[in-house]
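Here are a few exercises to work through with the structure open beside you. Try each task before reading its solution.

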Amino acid sequence: MTDPAHDPERKNLPDAADPVARIAAKVLDLLVAAMLANILPPVGMALGFLYLLAGDGLEGGRSLGKRLVSLRVVDTETTLPATVRQSVLRNGHLAMLYGLVFIPILGYILAFVLGVFIMAVELHAIFRDPNGLRMGDMFAETIVVGHSWAKLPQEPEPESA
């Protein structure tokens with residue numbers, strides 16, 4: 001049996017979440033981490049890092065950002081909520097970028113250079129992959145699901161005569 005996350009047709013996967021909603025949820029999560037870092041330095045920096053790593057493994061596969069925009073991360077095979085392990089696998093490279101900004105001067109440069117590359121790859125995947133699977137989702141065998149954040153109104157179907 002092939003792994004659904006790597007199945008070229010990916011017919012077994014639930015519908016992926018709206019890419020704009022996913023980006024909004026990640027921005028909210030980054031704001032949470034930044035607030036922790038500013039309110040409780042230096043402990044808050046570590047808490048923010050841990051939150052970015054493990055947040056998608058919180059209750060129901062939902063970080064605070066995902067909870068606010070009605071998304072969740074689920075296992076591609078079982079569709080159960082993501083575990084903390086899966087959250088660490090899917091977010092490790094993003095949390096690393098957050099951690100780099102706390103290294104004076106060189107950290108900002110590294111975070112910017114690596115961040116541009118990583119974000120370009122991740123955004124390309126979210127928008128181009130039929131199931132919105134990004135690099136982290138493929139590592140962790142997860143998918144982000146949920147309601148579309150912004151839906152256009154549906155036109156009513158014409159009644160048949």
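**Exercise 1.** In this predicted model, find the partner with which K66 forms a salt bridge, and place both residues in the fold.

*Solution.* Start at the side chain of K66: its salt-bridge partner is D56, with the closest N and O atoms 3.0 Å apart. Next, locate the two residues: K66 lies in helix α3 (residues 64-68) and D56 in the loop between α2 (43-54) and α3, so the pair ties together parts that are ten residues apart in sequence. Finally, check burial against the cut-off of under 20% relative accessible area. K66 counts as buried because its relative accessibility is 4%, and D56 counts as buried because its value is 2%.

**Exercise 2.** Now follow D56 to the salt bridge with R90, then look for the network around it.

*Solution.* The closest N and O atoms of D56 and R90 are 2.5 Å apart. R90 sits in helix α4 (residues 84-100), so its pairing with the α2-α3 loop residue D56 joins parts 34 residues apart in sequence. Both D56 and R90 are buried. Stepping back, the salt-bridge network links R22, D56, K66, R90 and D137.

**Exercise 3.** Describe how helix α1 and helix α5 meet.

*Solution.* Begin with the axes: those of α1 (residues 19-39) and α5 (residues 106-128) come within 9 Å and cross at roughly 145 degrees. Then list the contacts: P19, R22 and I23 of α1 meet L123, I126 and F127 of α5. Sorted by class, this contact has five nonpolar residues, no polar ones and one charged.

Notes
Residues numbered from 1 in each chain as written. Predicted model: local features only at pLDDT ≥ 70, side-chain atom pairs only at ≥ 80, totals over all residues. Heavy atoms only, no water. Axes fitted to C-alpha atoms, helices over the stretch in contact; angles between N-to-C directions. Helix = DSSP H or I, 4+ residues; strand = E, 2+ residues; numbered from the N terminus. Contact = heavy atoms within 4.5 Å. Nonpolar A, V, L, I, M, F, W, Y, C, P; charged D, E, K, R; others polar. Salt bridge = Lys/Arg side-chain N within 4 Å of Asp/Glu carboxyl O. Buried < 20%, exposed > 50% of the residue type's maximum accessible area, 1.4 Å probe, protein only.
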